[in-house]
Amino acid sequence: MSLLKVAAAVAVGLPLVVYLAQDALIFYRQPLTEARRADVARRIPAVQEVFLTTVDGTRLHAWHLRSSGPLVLYFGGNAEEVSWMLEDAAATPGIAWLLMDYRGYGASEGSPSERALVADAKTLYDHAAGIPGVDPKRIYAFGRSLGSGVAVALAAERPLAGL
């Protein structure tokens, strides 16, 4: 009888724990240290930091590499603070990049969730479409790992030149 109780507790308890901890299991936040921030500014002087405020008041951090060419919105993978991608982005002449740290990642405030990340992607797109010199018909989304879902959700909500 006690073995049956243990099995029932595991059968009910384990899924319950996983359900309650799902955000922590899905979103592995990575901070942006001041040392890393200074290193990025030193190594890639063309990059500009951008701070956006969402509808709910959350402050998001992004990096912008300007160019007269098309603009790529980059959505990173889980456990990824996007500044690692800046050197590769800077090595693509003729392409502008806007790389956003998710809520709770990098220098962005807040807590990530599926709904919040999609809303933040729309905020980033709307900001990008209003940047002087950016042609909204030449905005692309690039998602890696977790970011591929964010990019696809954005493509369903905003007109993109490509995904």
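**A β-hairpin, two nonpolar cores and a pocket in a predicted model**

Strand 1 and strand 2 form a hairpin in which five residues separate the two strands, and within the turn Gly-57 adopts a positive phi of about 90°. The model described here is predicted. The pairing of strand 1 (residues 47-53) with strand 2 (residues 59-65) is antiparallel and extends over seven bridges. Within this pairing, Val-47 is placed opposite Leu-65 of strand 2.

The hairpin belongs to a protein whose secondary structure consists of six helices and five strands. In sequence order, these elements follow the pattern α-α-α-β-β-β-α-β-α-β-α. The C-alpha trace spans about 70 × 35 × 30 Å along its principal axes. Of the 163 residues, 39% count as buried. Among contacts between residues at least 6 apart in sequence, 66% join residues at least 24 apart.

Nonpolar side chains were examined next. In soluble globular proteins, such side chains tend to be buried together. The largest nonpolar core of the model comprises 25 residues, of which Leu-71, Leu-73, Phe-75, Leu-98 and Leu-124 touch the most other members. Two or more residues are contributed to this core by each of strand 1, strand 2, strand 3 (71-75), strand 4 (96-100), helix 5, strand 5 (139-143) and helix 6. The greatest contribution, five residues, is that of helix 5. When neighbours within four places in sequence are set aside, Leu-124 is in contact with Leu-52, Ala-62, Leu-73, Phe-75, Leu-98 and Met-100. Another core, of 14 residues, lies apart from the largest one and includes Val-40, Leu-65, Val-72 and Trp-97. Leu-65, a member of this other core, is also the residue that stands opposite Val-47 in the hairpin.

Ile-139 is located in strand 5. Its relative accessibility is 0%, and Ile-139 therefore counts as buried. Residues up to four places away in sequence being excluded, Ile-139 touches Leu-71, Leu-73, Tyr-125, Ala-128, Ala-129, Val-134, Leu-160, Ala-161 and Gly-162. By contrast, a separation of 58 Å lies between the C-alpha atoms of Ile-139 and Leu-4, which are 135 residues apart along the chain.

Empty space in the model was also considered. Rolling a probe the size of a water molecule over the atoms shows where such space is left. The largest pocket holds about 180 Å³ of space. It is lined by 10 residues, and those closest to its centre are Phe-27, Ser-113, Glu-114, Leu-117 and Leu-146. Helix 2 (22-26), helix 5 (114-129) and helix 6 (146-157) are the elements that each supply two or more residues to the lining. By class, the lining has six nonpolar, two polar and two charged residues. Helix 5 and helix 6 thus appear in two settings, as contributors to the pocket lining and to the largest nonpolar core.

Positive phi values also occur outside the hairpin turn. Ala-79, although not a glycine, has a positive phi of about 60°. This residue is found in the loop between strand 3 and helix 4 (86-90). Ala-79 counts as partly exposed because its relative accessibility is 38%, a value between the limits of 20% and 50%. Ser-145, likewise a residue other than glycine, has a positive phi near 55°. The loop that contains Ser-145 lies between strand 5 and helix 6.

Notes: Residues numbered from 1 in each chain as written. Predicted model: local features only at pLDDT ≥ 70, side-chain atom pairs only at ≥ 80, totals over all residues. Heavy atoms only, no water. Pairing = 2+ DSSP bridges. Helix = DSSP H or I, 4+ residues; strand = E, 2+ residues; numbered from the N terminus. 1 Å grid on protein atoms, 1.4 Å probe; cavity = no way out; pocket = protein on both sides within 12 Å on 5 of 7 lines; lining within 4 Å. Points joined across faces, edges and corners; volume = space filled by probe spheres on them. Nonpolar A, V, L, I, M, F, W, Y, C, P; charged D, E, K, R; others polar. Core = buried A, V, L, I, M, F, W, Y, C linked by side-chain atoms within 4.5 Å. Buried < 20%, exposed > 50% of the residue type's maximum accessible area, 1.4 Å probe, protein only. Contact = heavy atoms within 4.5 Å.
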